[in-house]
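Reader: I should like to understand the terms applied to this model. Please set each value against its definition.

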Amino acid sequence: MDSSIGAIEQNIDTTFSRLLKYKWLIIIGTALSACLSVVIAVNQPNTYTSQVFMSPVSKSENGGLSNLAGQFGGLASMAGISLGGADGSDIEAAIEFMQSRGFLQNFISDRELMPDLIALESWDSEENKPVYNSNLYNSDEKTWTRQPPAGKSIIPTAWEGYNKLLSQINIMFLKKKGLIELKVTTVSPELSVNIAKWLIEDLNQFWRAKDKKEAEEAIAYLKNQASKTNVSELRKVFYELIADQTRTKLLSSVGDYHLLKPLSPVVYPEEKSGPSRALICVGITFFGGLLTLILALVLTLRTRKSENE
């Protein structure tokens, strides 16, 4: 037992002593990794994050539909109309819709964001202006100069910008607080603020038009159904529903915010949110040194194996 332990200790000592022969390989490899990490970290552009909290806009409180459901639920069910079952919250649907390709591609096209998504490199903090990659886009003439990928045109489409924009957006529904948090991170503080503002504006505008259209369709349907029934109580249900839908239609034209309302204006980020250059340097140096150590260990074991043969 003691002899086997001694043999193991001897093997470890031998391996370690031979590994020291490659110490300069480990030192040089780690040093090169450190130099590489500095170059990579320095060349990473600063990123800026705009943040805003929003609250749902209450469309109705103690509203007519819940009262109607209690009074005329039975009659409405006989007519095939549902008065209850939904809480009226469109927030989760809106969050998913905001991240959908259908919404974001139209958003990119309407707001002309393609140069900022494809060609924007960094932000010149001294002159307070964006810096574009001249090999992709001529910002002075506002023309594209890129060599397009296979199957693509020189002028990129919103399809190409979707994934980039989606990666810059982070939206969460804080259910316990009843709030929605929106963060937009880009290399330009001005762009981060604008995208956050525009997203809120366009989402509210879309939901406003959606609710108005649905209300108009519901009113037309309910008027048609009311004209067909001879039951006075059921006709009363239809007319109260028409009144409620008319109210929804009118409210859709009032106010700046229809679905989500920011608690405060979007603040211009004066300080960068990333990247953490120190963390980049430490990470690359560590992994570079680790890979060099593994390489030295492999060389040591191969040398030992050849000597034993």
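Author: Contact means heavy atoms within 4.5 Å. Glutamine 168 touches Leu117, Lys183, Val184, Thr185, Thr186 and Ile195, not counting residues up to four places away in sequence. The model is predicted: local features need pLDDT of at least 70, side-chain atom pairs count only at pLDDT 80 or more, and totals for chains, interfaces and linings use all residues. Residues are numbered from 1 along each chain as its sequence is written, and side-chain values use heavy atoms, leaving out hydrogens and water.

Reader: Why is glutamine 168 called buried?

Author: Buried means under 20% relative accessible area, exposed over 50%, and partly exposed in between (1.4 Å probe, protein chains only). Glutamine 168 has a relative accessible area of 9%, so the residue counts as buried.

Reader: Why is leucine 291 called exposed?

Author: Its relative accessible area is 60%, and leucine 291 is therefore exposed. This leucine lies in helix H10 (residues 277-308); helices (H or I, at least four residues) and strands (E, at least two) are DSSP runs, numbered from the N terminus.

Reader: What makes E6 and E7 paired strands?

Author: Two strands pair if DSSP finds at least two bridges between them. Strand E6 (residues 169-174) and E7 run antiparallel and are joined by six bridges, so the definition is met. Within this pairing, isoleucine 171 has leucine 182 in E7 as its bridge partner.

Reader: How do you know that strand E1 (residues 48-56) also pairs with E7?

Author: Seven bridges link E1 and E7 in the antiparallel sense, with phenylalanine 53 opposite glutamate 181 in E7.
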